[in-house]
Structure formats: structure tokens, C-alpha cells
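Let's take a walk through this one, sheet first, then the domains, the interface and the core. Have the viewer open as you read.

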Amino acid sequence: MNSISFNNVSVRVPVDGSNAPKTLLQGISLDLTERRIGVIGANGSGKSTLLRLLNGLVEPSEGNVVVHGDDTVADVRRVRGNVGFVFTDPLSQLVMPTGREDVELSLRRSIKNSGKRAARAEIVLDRFGLLHLADQSIYELSGGERQLLALAAVLAVDPAVLVLDEPSTLLDLRNRELLRRTVAELDQQVIMSTHDLDLALDMDRVLVVESGRIVFDGGAADGVARYRALCAASLLSEPLGDVSR
Amino acid sequence: MRGHGFLIANYVRGNSIIHRTPLWLKFLVVAACGTASFLIVDWTVSLVVFAIMCGLFLLTGAGIRRLLRAIWMVTPILLVIGLFQWWQLGGPTAARIVLNVLVCVVAASVLTATTPVQALLDGVVALAKPFRRFGADPERFALTIAVMLRSIPFIAGTFSDVRDSARARGLERNPRALVLPVFITTVAYARQTGDALAARGLGEPERD
């Protein structure tokens, strides 16, 4: 039961002014059981769509996705309880003015008593070393602190699976390292898309996505090498424009 | 993003008499100020009520700077409304309308400056509970308030950013260069917020 299955999944979206829909993902079949799974690929390759399928933010046009026995369309509420999702930009997902309030917001459904909720929020913030920042405005936090806070708010409800969509894109080197260590220590199954190839090398399994298809599925080192080769090949076939002209 | 000014004051920790006032009473004062803004017809009465609300705000210990900031944030729009009303209906009516809006802003600030957001949301949930029998979800009411409180500073900050970008390109006098990017960014923000709430399972019905 504790696996994630993609069964011949395709995602297509309508395009303005065209009868033919655009294909974002095509014929994806996967069984994800590893603890750490990386998804790498170029911008627009379909990484985010693949991740969004995992908690029902995107519905398959064909096929289905099953997370720990629950279909992501039919059982979307249970799936969202099981799958935490962290976005690239933490500001787009932090809803409340301060960290404490945002973590408490996550807990509103599961803990009705406000005192118990506040106590649990303190524990969660303390675990991520954010307690001293709990009452600061989210705008006063650094990018790394915001990303950690977004992670804390998602993990407050203890999901079984954590999905991170390019979590290190907006972070400096120090905060990237901090995030890397934090993710490494988590008990959850982690599925993460990233452009940070060092981060991808930490994974147990890497998927390389290219034009809506999985073109590599295997070990991290081989996956990163494959992605580098794909990038090199695409640069050769499409030389960069000359900006000096 | 910068310049995320707050239209209403954030919670300020304290133990003032206003902090200790029951939430229902604070809600009642805000509702009364809202209702009064339709009923008061004399600008001098509006001025007295405004002075009382400012006094209540200062009693919270949140400080005059926070009060002035809350007022400052609505000044541009009140200026436009005031001038238009003056032209259309005369000075006393313009003063009454502007003062009544300020009364509502300060009353809301008194509430938010003395009530933690979670307590505010719990209060909204309690208030909305009677609507459950009609199929409403009280937690959704609370979430709506939370998203509203969050969105105001975001949109204010977006406006500051867009204004700076327009200045950098020498387009500060072009209203389209200000309004369109703010509009587009706000719509994108609304979509992102919707996705983020859905991903966290917030805003979904309580029962299956």
C-alpha cells in the first residue's frame, strides 16, 4: 500500500485559438517506493505537472495516480492529508502574517482546541529552529527562513509523503545547504523537483523529464549525467542568440 | 517584494483593557461602527466618533505611529472620494463620508491590534456556526478572513514594486504601466494562493 503509482498517465490542456490540446505529460507509468526521489529536467519539461499530480492539484486526462491506495481524483481529500506540498516561492503558500499563525492555520482542521493547537505549533517551530522567529512578519524573514517555515507549516500535520517543487531555486548557498540537511533528516518519503544537481545527487532515485516523458529512471549519478548530456545536446542543436548584435 | 503596507494594524501583544475585552464585544463595536457610517448624517458626530475610536486605539498601547500608518494607507483613496463628494454634495457631506470610512478603518485596527489572528478566526468560526444548518462551513468563513488579511499587504507591496519598475522605465505617468501589472500580478497571486490552500487541504468541506 505504501507506494505511489502512475498508471499510463497523460495530461493535456486546452490551448487558446487551437483545437488541438497541448500535451504536458504523455504515457507516464511509474511505481515510486524509494525514500528520496528526484525529478530533474529543463524548464517546461513537465516536472511541476508531474509533482502536482501527486496531491490532486492537476488531474490526469488519461490514466490515474494512486498514493498509498488512494486515487488522487476520487479520494483527493485523503490524498491531500497524506501528501504535503511545498512550492518554489514560500510567499505564495504562507497565508498568515506570522510563522506561528501559519503553522496554527495548518493545524486548525486536526486540533480544534486553541491551547493544544498553540502548543503543537510551538513544538513544530522549535523542531525547525524557527521558534525565535515565530512572531515576526513573514516579510521580515530571509528566503531560507521562509522556505523552512513553509516546510514546517506543511509538516505540522505529519504527512506521509512530502513533495517539493524546486524548493532551492530562490535560496542562496547557505540556505540551500540548510534545506538539504533538513530534508535529509525527514522521516517522510520525499519527492522533489530541482535544478540543483548536487541536491539531485542525494536522491535514491532520479527521474529525468523531457518534453512530457520520462527519458531516464534510475540511480542519481546516472540520472544527472543523462540530464547533462541532454542539455549539451540541446545547446548544440539550438545555438544561443547573439545579444551583442 | 517590498512596501507591504498594512491597511489595518497587526496584532500587538499587550494586556490593555481593550486586549482583555471579550472578542464578541469588539466584533460588536466594529459592526456598530459599520452600521453607524450609514446612519450618521452630521459630520461633527462623525468627528466625535472618530476621536473616540482613535482614543480606544491609543488605549491598546499600539502607539500613535501604527494609528497614523493605518490612516495613511487609506489617505489617497479618501482624498479622491472626499474631493469628488465635495464637488458633488458639498463640504459637510464630504467630511462626513471621509470620517465615517476612517471610523471603520480605526475600529477594524482596534480589533486586529488587540486580537491574535487565530483568536479572530476562532471567533469567526463561532459566529458562523449557526449557518452550518444551511450547509455553510464555518472554517471556510475563517479562511476567507485569513486570506483577506494576507492579501491586502501583498497587493499594496505589488503596487510599490510596479510603481518602482515604471519609474525605472520612465513610465511613472502612464496609468496603464501601473494598473495592468498590478492587476495581472494580483490574479496570478490569487491562483497561487488557491493552489497553496488546496495543496494544504485548507478550505475543503469538513465532512465527506
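What follows goes from chain A to chain B and then to what joins them. Bear in mind that this is a predicted model.

Start with the sheet in chain A. Six strands make up an open sheet there, in the order S6-S7-S8-S3-S9-S10, with mixed pairing. At the edges you'll find strand S6 (83-86) and strand S10 (213-218) of chain A; each has a single partner strand, so one side of each has no neighbour in the sheet. On average, neighbouring strands are turned by 15° against each other, ignoring direction.

Now zoom in on the S6 edge. S6(A) pairs with strand S7 (residues 161-165) of chain A in the parallel sense, over four bridges. In this part of the sheet, A:Val86 sits opposite A:Leu164 in S7(A). Lying across S6 and S7 of chain A is helix H5 (residues 143-155) of chain A, which runs at about 165° to S6(A). Elsewhere on the sheet, helix H8 (residues 220-237) of chain A lies across strand S3 (36-41), strand S9 (205-210) and S10 of chain A, and runs at about 20° to S9(A).

Over to chain B, which splits into domain 1 (1-115) and domain 2 (117-208). Taken over C-alpha atoms, the centres of these two domains of chain B are 22 Å apart.

How do the chains meet? On the chain B side, 22 residues are in contact with 21 residues of chain A. The elements of chain B that give two or more residues to this side are helix H6 (117-128), helix H7 (138-168) and helix H8 (175-199). H8(B) provides the largest share, seven residues. By class, the side of chain B that touches chain A has nine nonpolar, six polar and seven charged residues.

Finally, the core. In soluble globular proteins, nonpolar side chains tend to be buried together. Here the largest nonpolar core has 105 residues, and the members that touch the most others are A:Ala152, B:Met53 and B:Val106. Helix H5 (residues 91-114) of chain B gives this core its largest share, 12 residues. Why does the core lie between domain 1 (1-115) and domain 2 (117-208) of chain B? Both domains give residues to this core, so it lies between them.

One last stop is A:Ala152. Setting aside neighbours within four places in sequence, A:Ala152 is in contact with A:Val103, A:Val124, A:Leu125, A:Phe128 and A:Leu130.

Definitions and conventions:
Residues numbered from 1 in each chain as written. Chains lettered and ligands numbered in written order. Predicted model: local features only at pLDDT ≥ 70, side-chain atom pairs only at ≥ 80, totals over all residues. Core = buried A, V, L, I, M, F, W, Y, C linked by C-beta atoms within 7 Å. Buried ≥ 20, exposed ≤ 12 C-beta atoms within 10 Å, placed from the backbone. Domains from an automatic or database assignment. Contact = placed C-beta atoms within 7 Å. Pairing = 2+ DSSP bridges. Axes fitted to C-alpha atoms, helices over the stretch in contact; angles between N-to-C directions. Nonpolar A, V, L, I, M, F, W, Y, C, P; charged D, E, K, R; others polar.
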